[in-house]
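Got the viewer open? Here's a short tour, one selection at a time.

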There are 4 protein chains.
Amino acid sequence: MIIILKNDISQNITKLQKLFAGKKQVLVQQNRVAVVGAAKQDLPAEIQAAAQIIENTPAAIQSSRLFHPEDIVIRTPHTVIDNNHLIIMAGPCSVESREHILKMAAVAKQGGATVLRGGAFKPRTSPYSFQGLGETGLKYLREAADLNGMDVVTEVMDDEHVPLVAKYTDIFQIGARNMQNFSLLKAVGKTKIPVALKRGMSATIDDLLNAAEYIAAGGNQQIMLIERGIRTFDNKYTRNTFDVAAIPVLQQLTPYPVIADPSHAVGRWDLVTPMAAAGVAAGAAGLMVEIHDDPKRALSDGPQALKPDTYLKMTQQAQAIRTLMAD
Amino acid sequence: MIIILKNDISQNITKLQKLFAGKKQVLVQQNRVAVVGAAKQDLPAEIQAAAQIIENTPAAIQSSRLFHPEDIVIRTPHTVIDNNHLIIMAGPCSVESREHILKMAAVAKQGGATVLRGGAFKPRTSPYSFQGLGETGLKYLREAADLNGMDVVTEVMDDEHVPLVAKYTDIFQIGARNMQNFSLLKAVGKTKIPVALKRGMSATIDDLLNAAEYIAAGGNQQIMLIERGIRTFDNKYTRNTFDVAAIPVLQQLTPYPVIADPSHAVGRWDLVTPMAAAGVAAGAAGLMVEIHDDPKRALSDGPQALKPDTYLKMTQQAQAIRTLMAD
Amino acid sequence: MIIILKNDISQNITKLQKLFAGKKQVLVQQNRVAVVGAAKQDLPAEIQAAAQIIENTPAAIQSSRLFHPEDIVIRTPHTVIDNNHLIIMAGPCSVESREHILKMAAVAKQGGATVLRGGAFKPRTSPYSFQGLGETGLKYLREAADLNGMDVVTEVMDDEHVPLVAKYTDIFQIGARNMQNFSLLKAVGKTKIPVALKRGMSATIDDLLNAAEYIAAGGNQQIMLIERGIRTFDNKYTRNTFDVAAIPVLQQLTPYPVIADPSHAVGRWDLVTPMAAAGVAAGAAGLMVEIHDDPKRALSDGPQALKPDTYLKMTQQAQAIRTLMAD
Amino acid sequence: MIIILKNDISQNITKLQKLFAGKKQVLVQQNRVAVVGAAKQDLPAEIQAAAQIIENTPAAIQSSRLFHPEDIVIRTPHTVIDNNHLIIMAGPCSVESREHILKMAAVAKQGGATVLRGGAFKPRTSPYSFQGLGETGLKYLREAADLNGMDVVTEVMDDEHVPLVAKYTDIFQIGARNMQNFSLLKAVGKTKIPVALKRGMSATIDDLLNAAEYIAAGGNQQIMLIERGIRTFDNKYTRNTFDVAAIPVLQQLTPYPVIADPSHAVGRWDLVTPMAAAGVAAGAAGLMVEIHDDPKRALSDGPQALKPDTYLKMTQQAQAIRTLMAD
């Protein structure tokens, strides 16, 4: 239940907090009070009379616009992530070497990216595949971002690594395979660092919002959601199915910015540009894309990496569509 | 196997036709000869030497760019459907009355549509739902299109109705539920009328191309393919999942123009505009959209119909994106 | 709405038929009256008072146990299809020749099959694949069944062929790809011949019941439903995913017998026996399986055909499980 | 590549280990040597000559019968898990109280279960749902199992908790949502405790085997795989789709025992019995089922819990089918 208070707001909030103390979870957002698992008849008559009460609330209550109507704006040192800009996060799939990430950071920057991506801890399907450079990779990534005046986004794979990754990153990435790793979600929820939460391969919209709610429930609402393709029956020509409609659907339901990741959605570099265009046309607040100067030698996910020149054209087109949409 | 002849083309074609007569199906497209189910060693040495031979061909051989490299351009009286324009097909889900379709045709036209859509034979999930006006509906639809200088696209549901529908339409529509109604595909394949083939709800890209091949095998390659959403695990907020990546994938594989149908893809009018934008950004050659002046009273699919003013804004935006993409 | 009349049944039925004549569709089943699209307040007070009224009815109202609580029993000359037996339908995918179907019929019979299956009109993914022997195939199939004292089930692919196929078959089969070919469903619904309706590859339980309703709405409730696997993300090791839970789910919802088709569900002969066992253990009223004495030379679907000896063992095991379950 | 040595086995193993030391991962299983990422030409001629070499090996090489042809048998104090028995794991979804788990353990035992299940750390979709009793729950669970001469299986949700859970359990359960939590898989792979790995909701067979490989790669091959339903387009009547064919498919591919979890597969208690029967008929080595004496008051997953009497009938039927299958 959400109670939208009309007057005596701070008094009524206090009253509600006392009423439910030790019994129900009470969440406050300006003049809105959410009480988890409570119903209208649990409220004093005077609050029932003076407030607007929403009874059918989603489980992910803090992640709902019913509780938080305004857009949540995320600010990192060099980036504002909201619905008024198109931000670019780019970089190689994995941090491969100091030299390579420095080179890729410069390319990313040239295409307008303000956030540098790169994996140091890699969730690979096979245990025998390259697992990332670990902390060394984080150091290289941080250095490359700093040299180019960029922010860092990188994946954290388990709760134990949260403090380590926190030392180097501006944004935690939670990967699709960990979207329901609740221990990890709780751990990043206790930090003040923004989180880029990727939709799981078979996660419904509600599953994604409930995962975000785990982070929010810890006190951290600096969340952005990433649509990166879902698993469907058709996977011959694309690795996943890019669920482009999820972008406006999420924007209606939740205050968090929504980012499109066309690279993972299709898994083929030659489709990344049209999918990036589609994502921006559908209203995405940002793009996360993988780039590589020599995709055939990439240590991971080479087939979906854009070469520098294709990347630069892609970002130009994407920004042009964004500008057009804003008119 | 496809044989790309380099010289003595007409002679060699004759030679190949004789060689395989009564044994294998031989298809000819300019200097390309497809022989269904044959292999290189079945060919005379001199042809093996003088031609380029492609052995790994898809089952839908005529629908492949390997056999037909150039775009297929479809011309109806008022429309050219190809990859150089964005064409609009609009109209109500069902023809509801003479008055109504006349009104809707004028709206469709105002938004730049050159093709009027409307169902007279309706494939409804329940037998107790409105099944369409039948031939009367076709007459109204034809009249409304003619009065506005537009073409007609309308669904034909079975092979028996092909001659009747042919009297009134410029383009046959094959619905998603009939995508593998092979009797129907064969029947429209024997006509000279263009066919708009909708992708089935769980049809892979290859299934769609094989369905198109049934039409082509009858001698009719005036085919356009319509992406209209596929069935996935996530259907709470959208009726289907709009597989926007199918648009560039199909354009690579096949010479047929690809149309996006955002109305059926999402099933909600408020998402049609962003999905139309996404489809155009991904490269669609056209849009098929449902419009209605009073969606709540629509006899079918009201929730996904655009009202006239939303439709007009949508088409403006779509054309602007198309123009941007063409630059 | 379904009205369960308690007294003055025939009088009240007449009253209800008059009341809704020309306005709503009225269906009668013993003391139950379904009125499509009507609500309780549309009824006279005395009927409201004297009857039990079910307001939340599924769209497929005649196919629901709410309207038809008892099992529907289907009787063909040599077979009773109901929930008290395990019946076997077996035969080759396609009728290949007179000699072959005679041979296969004897094998089928030996394994306890009372219904001989075989396709004369084949819905093939590619137009260049074998399309069946047509009426000649039907003749061979009928002869083979008659010689062995068996019934015939064979696919009818379009409404035009219904009268032709009706001359030879005891049971119409509607294939998965035609499950929503509404013209065909209406055509078989007007006959008195039992129909074996296969679930479409991406058909929900409700879609299947609505398809059955098209047949029932024409006056034919001699329907059996066939679970034959659905399309999911996982198709590397099996062609489809056998939705074994659909068997008890359908038995709860609908009075029609439910048959399992393990051959199409998995597409691999070596998994047919465990899947047949699973289907029987889950409560199937019958099995439809494909057999072939030389699967490598089968004109269609060879990889899923059981050889005679495997078939005989499979049916023994299936009957043993059935007997066990019945205790 | 897998090398099956025919003679001089220990010598050749040493030779191969030296050859690839520091370059490729070498795994040994009796006379089989797997070299990850190597090809035939990397081998000395004399080994090429004297051994059988399998070049097309799956990524999950240790989890393949190509590398480990014999069944892996798992022995816990009171249970032998292999393909010659049907073992039962039963208990409530969550450990709710000391009293309750004692009561449920007695019921589980009565139905022939030798393994007691119960969650102390619960992966719940919503952060506001009951999250489990933690270590207290583990203590109650251990006590209840010990009092009844049973083993314990319980979920571990993250790598940090592995040592804690190890103190109380005989088998680690990895939940579906954590199937690709690679940090967790690595952590349990370093223990000697058996692992029950649940298939992820959208995990392919290969994904599941690769997840198992992470555990095996750490040195722990005491793995059992649990089929618990996958996510598909049809979820109105069942929570997931029970992929019963996965049971024989996995048994062919991998040496690990395969367990069926009908409770999670369907999410409805009234379908658990037929699905358990189907799973056993398909060849499952065991069943994992949820039981509760008062499902409406269960702290989690009440709708899928069997009441004691239904559970006892279910296990009798399952054992009877198992006995029949073994004949």
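Which residues does A:Y311 touch, leaving aside those up to four places away in sequence? Keep in mind that this is a predicted model, then select A:Y311 and show its contacts: A:I88, A:A90, A:V107, A:A108, A:G111, A:G112, A:A113, A:V289, A:I291 and A:L306.

Now pull back to the core around that tyrosine. The largest nonpolar core holds 366 residues, and A:Y311, B:Y311, C:Y311 and D:Y311 are the ones that touch the most other members. As a rule, nonpolar side chains in soluble globular proteins tend to be buried together.

Next, show just chains A and B. Turn chain A by 180°, with 0.0 Å of shift along the axis, and it superposes on chain B with an RMSD of 0.0 Å. That's the relation of a two-fold axis. Want a marker for the axis? Pick A:A278: its C-alpha lies 2.0 Å from the rotation axis, the closest approach of any residue of chain A.

While you're there, colour the interface. Of the interface residues of chain A, 100% are interface residues in chain B too, so the copies meet through the same surface.

Last stop: hop across to B:A278. You'll find it in helix α10 of chain B, residues 269-281. Is B:A278 buried or exposed? Buried, with a relative accessible area of 0%. Leaving out residues up to four places away in sequence, B:A278 touches A:V244, A:A278, A:A281 and A:A282 from chain A, plus B:V244 from its own chain. To finish, draw a distance from B:A278 to B:A245: they are 33 residues apart along the chain, with their C-alpha atoms separated by 10.0 Å.

Terms used: Residues numbered from 1 in each chain as written. Chains lettered and ligands numbered in written order. Predicted model: local features only at pLDDT ≥ 70, side-chain atom pairs only at ≥ 80, totals over all residues. Heavy atoms only, no water. Least-squares fit on C-alpha atoms with pLDDT ≥ 70 in both. Contact = heavy atoms within 4.5 Å. Helix = DSSP H or I, 4+ residues; strand = E, 2+ residues; numbered from the N terminus. Buried < 20%, exposed > 50% of the residue type's maximum accessible area, 1.4 Å probe, protein only. Core = buried A, V, L, I, M, F, W, Y, C linked by side-chain atoms within 4.5 Å.
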